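Visitor: I would like to know how the words used for a protein model are justified. Could you take me through some of them?

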Amino acid sequence: MTDFKLPVPDADAAAHSARLATLIREQIEAGGGVVPFSRFMELALYAPGLGYYSAGASKFGEAGDFVTAPELGPVFAACIAESLAPVLQQIGPQARLLELGGGTGAFAEVALKRLLELDALPDRYAILEPSAELRQRQRDRLQQRLIPPVFELVEWLDAPFADDWEGVLFANEVIDALPTPRFAIEGGGGGEAGEVYEEHVALEDDALVRVLRPADAFLTNAVRHIERRLERRFPSGYRSEVLPQLPYWIQAVAGGLQRGAMLFVDYGHPRAEYYEPGRDDGTLRAYYRHRMHADPLLWPGLQDITASVDFTALAEAGVAAGFDFAGYCSQASFLLGNGLAGVLQRIEAIDDAVERQRRTNEVKRLTLPSEMGERFQVMGFEKDVEFGAAFLAGDLSFRL
């Protein structure tokens with residue numbers, strides 16, 4: 001349960017959560033009394049019309065549950081656009097840009113404006129967005145703030161591109177929200193491997209509870225792969241997350257990407273740190289009204305559920321999907337290596353002292369180690385283009 005008192009949802013929110021909880025209970029009963037935790041997480045976040053990301057609740061900014069880098073201001077998106085512009089220019093007039101999960105549209109607005117300045121506009125800017133409410137917010141914002149010829153480049157997709165294409169795939173804080181299996185180790189010791197179990201969600205006196213069931217071969221093999229790479233066994237009682245489906249997910253979202261780059265920004269760790277002995281209950285957590293807590297079963301549909309990214313697994317998955325590894329570094333290093341100096345010069349030239357201080361504070365939040373600078377990391381992949389130069393500042397690939 002939670003370690004502190006959370007704000008109580010209002011009546012409408014509670015009723016919404018109750019409807020989703022009913023759907024989850026029906027799924028549990030249909031599943032013979034349990035569903036894998038990953039299935040619970042999928043329903044809690046993405047059930048049509050009810051899940052956290054597919055329903056209409058406010059999620060971003062001070063009124064929501066968390067703040068993402070693009071929502072802080074224009075600095076993050078301007079630097080990302082700076083890094084992607086050379087790739088789009090290498091590809092030429094047929095280049096596309098696919099953004100996974102567009103938030104409020106803040107990233108797309110700034111990125112398109114900066115790409116216009118850099119003479120690197122894509123032929124199409126597509127946003128893959130599961131929430132109808134967010135799509136409308138994005139459309140309204142971009143229509144109001146972009147000049148018509150640029151706004152006309154934007155489109156919304158229900159699925160990744162189905163045809164062969166060239167360009168860039170960009171995802172900020174997306175992988176952390178993929179429904180993740182949870183594993184647990186029971187028994188073993190003395191050099192012997194313990195049994196691998198999978199965390200499930202069941203009903204106990206009509207309440208949702210987490211229980212263990214023997215893992216299938218797919219999950220067991222994924223855990224054994226991690227142990228081989230770490231060159232040590234997980235001890236009995238160790239629990240964490242693993243995304244064995246990550247290579248297939250990347251292949252699916254990239255679709256027919258024949259030439260171009262992929263760029264992922266998220267919070268996480270290289271594998272050795274992700275699965276360090278002291279992190280024996282994994283990284284799973286929930287966010288509600290800017291408060292982090294440890295009960296993912298609380299109020300389905302009203303809170304974000306997330307797990308950190310294993311960046312070593314992401315590197316393996318990108319290569320397995322047919323891309324070359326381009327680089328890996330902290331968010332702070334990536335921004336510094338991709339136009340932050342110019343952004344700082346423009347901030348210094350702002351006449352309004354209040355606005356100048358606001359932008360300065362934004363840079364601090366994005367780059368300071370105690371804020372987002374080290375906690376968030378950036379990884380890129382390339383195929384028949386040069387993208388590695390974007391990672392020359394502070395390369396961390398040796399830690400993978």
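Guide: What follows is a set of questions about a predicted model, each answered by setting a value against a cut-off.

Visitor: Why is Met262 called buried?

Guide: Buried means under 20% relative accessible area. Met262 has 0% relative accessibility, so Met262 counts as buried. Its place is in strand E10, residues 256-269.

Visitor: Which residues is Met262 in contact with, leaving aside its neighbours within four places in sequence?

Guide: Contact means heavy atoms within 4.5 Å. Among those that meet this for Met262 are Leu169, Ile250, Phe323, Met379 and Phe387. Leu212 is 50 residues from Met262 along the chain, and their C-alpha atoms are separated by 36 Å.

Visitor: Is Glu382 buried or exposed?

Guide: Buried. The value for Glu382 is 14%, and the cut-off is under 20%. Glu382 lies in strand E16, residues 376-383. Leaving aside neighbours within four places in sequence, Glu382 is in contact with residues including Gly260, Ala261, Asp324 and Phe387.

Visitor: What makes the approach of Glu382 to Phe387 a polar contact?

Guide: A polar contact needs a pair of N or O atoms within 3.5 Å, one able to donate a hydrogen and the other to accept it. The side chain of Glu382 reaches the backbone nitrogen of Phe387 at 2.8 Å, so the distance is within the cut-off of 3.5 Å.

Visitor: What makes a group of residues a nonpolar core?

Guide: The members are buried residues of certain kinds, Phe, Ile and Leu among them, joined through side-chain atoms within 4.5 Å. The largest such core here has 54 residues, and those with the most contacts inside it are Phe76, Ile80, Leu263, Phe387 and Phe391. Helix H4, residues 75-91, gives the largest share of this core, 12 residues. Apart from it lies another core, of 35 residues, including Leu50, Tyr52, Phe183 and Ala222.

Visitor: How do you know that Cys79 is in no disulfide?

Guide: A disulfide is a covalent bond between the sulfur atoms of two cysteines. The cut-off for counting one is 2.5 Å between the sulfur atoms. For Cys79 the nearest cysteine sulfur, that of Cys329, is 12 Å away, so the pair does not meet the cut-off of 2.5 Å. The search of the whole structure finds zero disulfides. Cys79 is buried, with a relative accessible area of 1%, and Cys329 is buried at 0%.

Visitor: How do you know that E7 and E8 pair?

Guide: Two strands pair if there are at least two bridges between them. Eight bridges join strand E7 (residues 195-204) to strand E8 (residues 207-214), and the two run antiparallel. One of the bridges sets Glu199 opposite Leu212 in E8. E7 and E8 form a hairpin with two residues between them, and Asp205 in the turn has a positive phi of about 55°.

Visitor: Why do strands E12 and E13 stand at the edges of their sheet?

Guide: Three strands form this open sheet, in the order E12-E11-E13, with antiparallel pairing. E12 (291-293) and E13 (304-306) each have a single partner strand, so one side of each is left without a neighbour in the sheet. Neighbouring strands of the sheet are turned by 25° against each other on average, direction ignored.

Visitor: What joins E11 to E12?

Guide: Three bridges join strand E11, residues 285-288, to E12, and the cut-off for pairing is at least two. Tyr288 stands opposite Arg291 in E12.

How values were computed: Residues numbered from 1 in each chain as written. Predicted model: local features only at pLDDT ≥ 70, side-chain atom pairs only at ≥ 80, totals over all residues. Heavy atoms only, no water. Helix = DSSP H or I, 4+ residues; strand = E, 2+ residues; numbered from the N terminus. Buried < 20%, exposed > 50% of the residue type's maximum accessible area, 1.4 Å probe, protein only. Axes fitted to C-alpha atoms, helices over the stretch in contact; angles between N-to-C directions.
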